[in-house]
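These are my notebook entries on side-chain pairings and burial. I worked through the model one topic at a time.

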Amino acid sequence: MIAPLKFHYDPGDYLTVQCRPGFVEHGANGGPPERPRCTPEGDWSGPVPQCRSYEEI
């Protein structure tokens, strides 16, 4: 689940990923994920973290 879930994000807004029980956030580099920030151009500063099963890690 992505929080906060909004239709419009303002520059400087951050996303947080909340995983269901049995899953954990997994960053793009295999380490702890960074919170993506909305840039003034309307893009995210990095990839949205993914949830992976404990069994996959």
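**Entry 1: aromatic pairing.** I searched this predicted model for paired aromatic rings and found a count of 1 aromatic pair. The partners are Tyr9 and Trp44, in an edge-to-face arrangement. I noted 5.2 Å from centre to centre and 70° between the planes; the angle is over 60 degrees, so the pair is classed as edge-to-face.

I then looked up where the two rings sit. Tyr9 belongs to the loop between β1 (2–3) and β2, and Trp44 to the loop between β3 and β4, so the pair ties together parts of the chain that are 35 residues apart in sequence. Are the two residues buried or exposed, or something in between? Tyr9 has a relative accessibility of 17% and counts as buried, whereas Trp44, at 31%, counts as partly exposed.

**Entry 2: Thr39.** I turned next to Thr39, which is placed in the loop between β3 and β4. Its relative accessible area is 12%; this is under 20%, so I recorded Thr39 as buried. Which residues does Thr39 touch, leaving aside those up to four places away in sequence? I listed Pro11, Trp44 and Ser45. Trp44 is thus a contact of Thr39 as well as the partner of Tyr9 in the aromatic pair.

**Entry 3: Tyr14.** I located Tyr14 in the loop between β1 and β2. Tyr14 is partly exposed, with a relative accessible area of 39%. Not counting residues up to four places away in sequence, Tyr14 touches Ala3, Pro4, Arg35, Pro36 and Arg37. I also checked the spacing between Tyr14 and Thr39: their C-alpha atoms are separated by 9.7 Å, and the two residues are 25 residues apart along the chain.

**Entry 4: cysteines.** How many disulfides does the model contain? I recorded 1 disulfide. Cys19 is joined to Cys51, with an S to S distance of 2.1 Å. The torsion about their S-S bond is about -90°, so I entered the disulfide as left-handed. This pair links distant parts of the chain: Cys19 is in the loop between β2 (16–17) and β3 (23–26), and Cys51 is in strand β4 (residues 50–53), 32 residues apart.

For accessibility, I found Cys19 partly exposed at 24% relative accessible area. Cys51 also counts as partly exposed, at 33%. I looked up Cys38 as well; its relative accessibility is 4%, and Cys38 counts as buried.

Methods:
Residues numbered from 1 in each chain as written. Predicted model: local features only at pLDDT ≥ 70, side-chain atom pairs only at ≥ 80, totals over all residues. Heavy atoms only, no water. Disulfide = S-S within 2.5 Å. Helix = DSSP H or I, 4+ residues; strand = E, 2+ residues; numbered from the N terminus. Buried < 20%, exposed > 50% of the residue type's maximum accessible area, 1.4 Å probe, protein only. Contact = heavy atoms within 4.5 Å. Phe/Tyr/Trp six-rings, centres within 6.5 Å; stacked < 30°, edge-to-face > 60°.
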